[in-house]
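Trainee: I've got a new model on screen and I'd like to learn how to read it. Can you walk me through a few features?

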Amino acid sequence: MAGTSPVRIVLVVVFGVLALIGSAQAQLQMNFYASSCPKAEQIVLDYVKQNIPNAPSLAASFLRMHFHDCIVRGCDASVLLNSTSGQAEKNAVPNLTLRGFDFIERVKSLLEAECPGVVSSADILTLVARDSVVTTGGPFWNVPTGTRDGVISNITEANTNIPSPFHNLTTLLTLFSNQGLNLTDLVLLSGGHTIGISHCPAVSRRLYNSTGPGGIDPTMDSEYAENLKANKCKTASDNTTILEMDPGSRKTFDLSYYSLLLKRRGLFQSDAALTTDSTSLAFINQLLTSPPQFFFDEFAKAMEKMGRVNVKTGSEGQTRKQCALVNN
């Protein structure tokens, strides 16, 4: 190395690092399976189109499952793993109401029959989430593939990192920023609640144990709250009643969710939190005053960004033979 300029050494190191970053990104690409399993994405789409119209609420479930996967250890299908000791991500409190694991496994079996050991469960989950939303009339977004499956799934990490319906804006932003996501992403990804459903435990605290009259959260529209107490969550201990997150418009992927936020009719505390910041509030107003396609386009960008969170590529992780089990 004698006589080598320090500047040159630095440049070599810098470009070496950039080359590594570029290599990792190159391994995540559109149509990654074009050569190794050319029918892969069509097989996923065909199965979704055959089955989601009969169970459209699964679109929201897969959107939520995809988010819960990415926010813990990155998008590596760790949320799909089983644990004999009940210590996997799917055993965490936020994931106990996830649905559709068997659906994902059936898609996996179709792809294993076509191309054994090629298509990752992580890519399957992302594609199913996107295709389900599109099939029910929601926005399309690009899904670069080539993601590898993780081999670790930890209940504590899920309980710690998945945003809660009870979180305020500061906590939500911290959890999002930990994954490289920002306030704009938070507002947009929350828009998926337009097709969401929940259960009374996620809101009973706002209805029965808050500081307003009758125990109602003063940040919630009182008429909306009283209606929920009278017709849905009739007791504070109701654990089963299903609630629409976008009442009257739940089956349509639209801007109604954001309109409800401005009327103080967001179901969760975390929904209401989006209106407590001037920047997020301004963005919500921008979404509502723009053509609907603007929301679709911005939501698509946020989904693609989320789909790249801490992904494993190349020789990292593995490609599971079954989504619920690490390969032996």
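Mentor: Sure, and let's begin with a cut-off: a residue counts as buried when its relative accessible area is under 20%, exposed when over 50%, and partly exposed in between. Keep in mind that this is a predicted model.

Trainee: Okay, let me try that on Asp69: buried or exposed?

Mentor: Asp69 has a relative accessible area of 1%, so it falls under the cut-off and is buried. You'll find Asp69 in helix H3, which covers residues 58–70.

Trainee: Which residues does Asp69 touch, leaving aside those up to four places away in sequence?

Mentor: Contact here means heavy atoms within 4.5 Å. For Asp69 that gives Gly74, Cys75, Asp76, Ala77, Ser78, Val79 and Leu125.

Trainee: Gly74 is on that list. Where does Gly74 lie?

Mentor: In the loop between H3 and helix H4 (101–114). Gly74 is buried too, with a relative accessible area of 0%. Besides Asp69, Gly74 touches Val309 and Asn310, again not counting residues up to four places away in sequence.

Trainee: What does the record say about these positions?

Mentor: UniProt, in an unreviewed entry, places the feature "binding site" at Asp69, Val72, Gly74, Asp76, Ser78 and Glu89. They are spread over 21 residues of sequence, yet they cluster in space, with a largest C-alpha distance of 12.5 Å.

Trainee: And His193, which feature does UniProt list for it?

Mentor: The unreviewed entry lists His193 for "binding site". This residue sits in the loop between helix H8 (183–190) and strand S1 (197–199).

Trainee: How does the cut-off work out for His193?

Mentor: The relative accessible area of His193 is 21%, and because that is not under 20%, the residue is classed as partly exposed. As for contacts, His193 touches Met245, Asp246, Tyr257, Phe268 and Asp271, not counting residues up to four places away in sequence.

Trainee: Let's zoom out. What is the chain's secondary structure?

Mentor: The chain has 14 helices and two strands. Its radius of gyration is 21 Å, close to the 20 Å that the globule rule gives for 328 residues, so the chain is as compact as a globular protein of that length.

Trainee: How much of the chain is buried?

Mentor: Buried residues make up 48% of the 328. On the outside, the chain exposes about 15200 Å², with carbon and sulfur atoms supplying 55% of that area.

Trainee: And what about the contacts across the sequence?

Mentor: Take the contacts with a separation of 6 or more: residues 24 or more positions apart account for 73% of them.

Definitions and conventions. Residues are numbered from 1 along each chain as its sequence is written. This is a predicted model: local features need pLDDT of at least 70, side-chain atom pairs count only at pLDDT 80 or more; totals for chains, interfaces and linings use all residues. Side-chain values use heavy atoms; hydrogens and water are left out. UniProt positions are given in the numbering used here, feature names are shortened, and annotations may be inferred rather than shown by experiment. Helices (H or I, at least four residues) and strands (E, at least two) are DSSP runs, numbered from the N terminus. Buried means under 20% relative accessible area, exposed over 50%, partly exposed in between (1.4 Å probe, protein chains only). The radius of gyration is taken over C-alpha atoms; the globule rule is 2.2 Å times the number of residues to the power 0.38. Accessible areas come from the Shrake-Rupley method with a 1.4 Å probe; for residues, only the protein chains shown count as cover.
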